[in-house]
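Visitor: I should like to learn how the features of this structure are to be read. May we go through them one at a time?

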Amino acid sequence: MIEKTTPSEMIVHIGPQHPMQPGPYRLNVKLHGETVVDLDVELGFIHKGIEKILENKTYLQGITIVDRMCYLAALSNEEVFCGCVERLAGIEPTPRSQYIRVIVEELSRIQSHLLGFGEFGHFIGYASMFMFTIKEREDVLSLLEMVTGTRITHSYIRFGGVREDLPEGFEEKCKKVFEGVRIACDEYEELLRTDTIFKERSVGVGVLTADIAKEYGVAGPSLRATGVPFDIRRNEPYLVYDDLDFNVCTQTEGDIFARVKVRLDEIRESMYIIEQALDQIPKGPLFAPDLPYGRRTPVMRVPQGEVFFRVEDPRGEMGMYMVSDGSDKPYRVKVRGPVFPTMQALPPLIKGESIADVTAIAGSMDSCTSEADR
Amino acid sequence: MDAKTIIDSISNEFSDSISNTLIESEIRVSAYVSSPDVVEVCRYLKESLGFDHLSCESVVDYIKRDEFEVVYHIASYDHPVVLTLKAILPRDNPVIDSIVDVYWNANWYERENYELYGVSYTNHPYLKVLVLPEEMLGEWPLRKDYEGFPQKTAKNLV
């Protein structure tokens, strides 16, 4: 808890509702003049008890619950949950459904980065940026809606497959949308590189070095912006990422500008992955014929065991530890979200900076409080 | 560094405290550690075996065995092996040393485990509630014998 010690200090509470925040959390900032002397983060405003809820729902119901952890990364959350169950039950998804999963997850990465990028512009006072990116994001969301039927909480991935096949005309529409997103990305980049105010706000501000980022456990684009090429898709491949060609985007500066740049590069890289996947996708069934459970079996008993499985969320390393006792509900589910350690790293990162940079630094981490609280 | 080297190395170094080692696959190994030595083992893992990333720390409530298991998932930025380290605690008095000195980001995980399960960490810098409201401290909502789910939890939130 932050307390005032001398009369020249002041405490400013930022949040739980603030334009800078993607979800409710509170920053208690102790100021001396304009400099931040001390700071702490309060969580819990959106704690939903998802780990407890999952223990009380069957596996099939669990899919819709994990969706709600973070709506921007709903498909990654489903992937990590279904991946755990598949490993426990010994199910292997069919090649076609693996490719479809890669496509929808990369689409969800694109929309998440677009929103994160636009929000960040909004946080530092560049409100038009939000309007620019939300247009492209809407196009990507309509692609997702075409496949899954919903814009944000999809409930699309199933154990050993996916719910629906890709619709007619998906590939053509994808190409058309990507053309627009590519042009937009180039425009954003030009905007960033030429705008003096944006550069003043972001270059050399909130610098993380590689060693400190590793020590704090920061994950995802914020870690890759420091030059550490850590990406679960490459380090611990799941689905068909082994057969696809992609770069792990890194920058070396570790400041806000580098984080934004990494996100922009990852949007391009994700589009490249999707195009490859659409070219390579094999024909075949969505589910293996010898599946131990029917497609919509409400009660499935998963063999005893435990598993720790990690995927690459738009925000970084998403892990899940699942213990099964042989019944139709998981015995224990622990979600290791990427945002939790990132939020924890905010106090040492912001300490010593000026109050005007607090929103820029906290906003550039692209944190999703809903997932940190669970 | 492969799974077998890691297991051999920790079982030789801590022959008394490491038990039940298991190589689940090339990238997953697990071991039990006696709870007083957990800080020593973690320090050795970080300094000598390159496990520089605490991925997750959680608690599982085995009510039938009357035990808690504190589970550390320790990974590395350089090699793909994830070590699952487990420490068993009695259910009536769960106390274990904090590993914040070794892994800085264990801080919030331990606060979370404390408020949800009542596992008490010695030498923790700031063991207070993190996501729960203050008045729910002491109810340990994620324990298996918690009776307030879902009515009580919902009421407290309103």
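**Reading the interface and a strand**

Guide: Let us begin with charge pairing. Between chain B and chain A of this predicted model, the count is 6 salt bridges. In one of them, the side chains of Glu215(A) and Lys46(B) meet at 3.3 Å, N to O.

Visitor: How many residue pairs are in polar contact across the interface of chain B and chain A?

Guide: The rule finds 16 such pairs, with both residues at pLDDT 80 or more. On the side of chain B that touches chain A, β3 (53–62), β4 (67–75), β5 (82–90) and α3 (106–117) each supply at least two residues. The most come from β3(B), which gives 10 residues. By class, this side of chain B has 26 nonpolar, 7 polar and 9 charged residues.

Visitor: How is the size of an interface often given?

Guide: It is often expressed as the accessible area lost when the parts come together. Here chain B and chain A bury about 3600 Å² between them, with 56% of it on carbon and sulfur atoms. The contact takes 42 residues from chain B and 39 residues from chain A.

Visitor: Within chain B, which strands pair with β2(B), and in which sense?

Guide: Strand β1 (residues 18–25) runs antiparallel to β2(B), joined by 5 bridges, and a hairpin of 2 residues links β1(B) to β2(B). β5(B) pairs with β2(B) in the parallel sense over 6 bridges. Ser30(B) illustrates both pairings: Leu22(B) stands opposite Ser30(B), and Thr84(B) in β5(B) is the bridge partner of Ser30(B).

Visitor: Is strand β2 of chain B mostly covered or mostly exposed?

Guide: Strand β2 (residues 28–33) is mostly covered, as 5 of its 6 residues are buried.

Key
Residues are numbered from 1 along each chain as its sequence is written. Chains are lettered from A and ligands numbered from 1 in the order in which they are written. This is a predicted model: local features need pLDDT of at least 70, side-chain atom pairs count only at pLDDT 80 or more; totals for chains, interfaces and linings use all residues. Side-chain values use heavy atoms; hydrogens and water are left out. Contact means heavy atoms within 4.5 Å. Buried area is the accessible area (1.4 Å probe) that two parts lose on being put together, summed over both. A salt bridge is a side-chain nitrogen of Lys or Arg within 4 Å of a carboxyl oxygen of Asp or Glu. A polar contact is a pair of N or O atoms within 3.5 Å; within protein, one must be able to donate a hydrogen and the other to accept it, and residues adjacent in sequence count only if both atoms are side-chain atoms. Helices (H or I, at least four residues) and strands (E, at least two) are DSSP runs, numbered from the N terminus. Ala, Val, Leu, Ile, Met, Phe, Trp, Tyr, Cys and Pro count as nonpolar, Asp, Glu, Lys and Arg as charged, and the others, Gly among them, as polar. Buried means under 20% relative accessible area, exposed over 50%, partly exposed in between (1.4 Å probe, protein chains only). Two strands pair if DSSP finds at least two bridges between them.
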